[in-house]
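Student: Please take one part of this model and describe it closely, together with the parts that surround it. I should like each term to be given with its cut-offs.

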Amino acid sequence: ALTGAIKSLVGKRVDGLVIMPSRAMTEDEIETINKLIVNEIPVVVFDAFAEGLHCDHVLMDNKNAIKKAMDTLFENGHKNIALLLGPEKIHSSEERLSAYVDAYKTRNLEVNSDNIFYTDYSKTMSKRICSSLIENYPEVTAIVTASFRITLGVLASIYERSLKIPEDISLVGFDIQDIADITPNKIEGIFLPHEKIALTVADVILERMKSDGNGKLSIDEIKIEYIKGESIKNVDSIKKGD
């Protein structure tokens with residue numbers, strides 16, 4: 001599908017392409033993109049990375065964003081933390097998973113693979129996974145999501161069961177600027193600086209167009225904001241109270 005979309009756009013004589021893959025790129029797709037570079041058609045790949053891909057990249061600082069989320073949850077006494085990722089094997093999922101695993105390892109704690117879930121980024125699948133999680137893994141006290149639609153699916157599942165955040169389960173959402181302050185308790189989470197992303201991608205591709213496809217390939221990394229909220233319960237204080 002990606003190869004077909006690229007060829008269709010090239011057929012319309014576009015001056016450049018910005019590509020944001022929703023899954024791991026195939027060898028055919030990588031080859032197609034590399035041919036564009038050879039033909040001096042600028043390409044910027046956003047928030048994805050693949051071996052053998054010879055184009056400019058703009059990446060998100062996924063590791064530090066998840067690290068901040070995990071550090072905050074551990075500071076509040078959470079140890080059974082579920083992580084809902086995007087598709088398996090894509091760059092962003094691998095980086096977020098790495099930060100999640102590192103958070104446990106630095107504390108000499110075992111990682112429970114049953115608490116790691118992959119989604120197709122859809123609200124429907126994320127809701128289904130969260131519902132199963134709530135029903136089958138009652139020991140989980142917190143959830144970290146990896147996209148806006150995943151967050152929506154998690155919220156839909158939680159509220160469908162008349163559960164409360166953070167009283168019944170804590171949540172760190174991803175890319176939730178538009179809904180963080182309309183839930184009963186403001187959602188704590190990872191915020192994408194959309195304007196900065198757009199400007200960075202535009203600057204990279206325009207610079208490449210000016211250079212006629214020449215020059216060193218660039219890899220820009222954008223910091224992700226972590227905004228405090230009211231969606232994390234301190235389970236340590238509850239244990240002390242008991």
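Tutor: The account below moves from the whole protein to one helix and then to the parts around that helix.

This is a predicted model, in which local features need pLDDT of at least 70 and side-chain atom pairs count only at pLDDT 80 or more, while totals for chains, interfaces and linings use all residues. Residues are numbered from 1 along each chain as its sequence is written, and side-chain values use heavy atoms, with hydrogens and water left out.

The secondary structure comprises eight helices and 10 strands; helices (H or I, at least four residues) and strands (E, at least two) are DSSP runs numbered from the N terminus. The C-alpha trace spans about 70 × 35 × 30 Å along its principal axes. Of the 242 residues, 48% are buried, where buried means under 20% relative accessible area, exposed over 50%, and partly exposed in between (1.4 Å probe, protein chains only). Among contacts with a separation of 6 or more, 69% are between residues 24 or more positions apart; a contact means heavy atoms within 4.5 Å.

The part chosen is helix H6, residues 148-160. Its end C-alpha atoms are 18 Å apart, which agrees with the 18 Å that its 13 residues should span at 1.5 Å a residue, since the expected span is 1.5 Å times one less than the number of residues. The buried residues of H6 are Ile150, Thr151, Gly153, Val154, Leu155, Ser157 and Ile158. These pack against strand E4 (81-85), helix H5 (123-136), strand E6 (142-145) and strand E7 (170-174).

Two residues show how H6 is joined to these neighbours. Serine 126 belongs to helix H5 and counts as buried because its relative accessibility is 0%. Beyond its neighbours within four places in sequence, serine 126 is in contact with Arg149, Ile150 and Gly153, as well as with Leu84 and Thr119. Isoleucine 143, with residues up to four places away in sequence again set aside, touches Val154, and also Ala82, Leu84, Cys130, Leu133, Ile169, Ser170, Leu171 and Val172.

Ile143 and Val154 both recur in the largest nonpolar core, which has 55 residues; with Met70, Ile81, Tyr100, Val144 and Ile190 they touch the most other members. A nonpolar core is a set of buried Ala, Val, Leu, Ile, Met, Phe, Trp, Tyr and Cys residues joined through side-chain atoms within 4.5 Å. Another core, of 15 residues, lies apart from it and includes Ile19, Met25, Leu36 and Ile41. In soluble globular proteins, nonpolar side chains tend to be buried together.

The chain that leaves H6 has two notable backbone features. Serine 162, just after H6, takes a positive phi of about 60 degrees. The peptide bond from isoleucine 165 to proline 166 is cis, with omega near 5 degrees, and proline 166 lies in the loop between H6 and E7. Beyond E7, in the loop that leads to strand E8 (188-191), lies aspartate 175. Although not a glycine, aspartate 175 has a positive phi of about 55 degrees, and it is buried because its relative accessible area is 15%.

Met70 and Tyr100 lead from the core to a pair of helices, since Met70 in H3 and Tyr100 in H4 are among the residues that meet there. The axes of H3 (residues 62-75) and H4 (residues 91-105) come within 8 Å and cross at roughly 35 degrees; axes are lines fitted to C-alpha atoms, for helices over the stretch in contact, and angles run from 0 to 180 degrees between N-to-C directions. H3 passes H4 in a right-handed crossing, that is, with the near helix turned clockwise from the far one by less than a right angle, anticlockwise being left-handed.

Asparagine 62, in H3, is buried because its relative accessible area is 0%. Setting aside residues up to four places away in sequence, asparagine 62 touches Ser92, Glu95 and Arg96, and also Asp47, Phe174 and Ile224. Aspartate 47 is placed in the loop between strand E2 (43-46) and strand E3 (56-60), and its phi is near 55 degrees, a positive value in a residue other than glycine. Threonine 72, likewise found in H3, is buried because its relative accessibility is 2%. Threonine 72 and lysine 228 are 156 residues apart in sequence and 9.6 Å apart in space, C-alpha to C-alpha.
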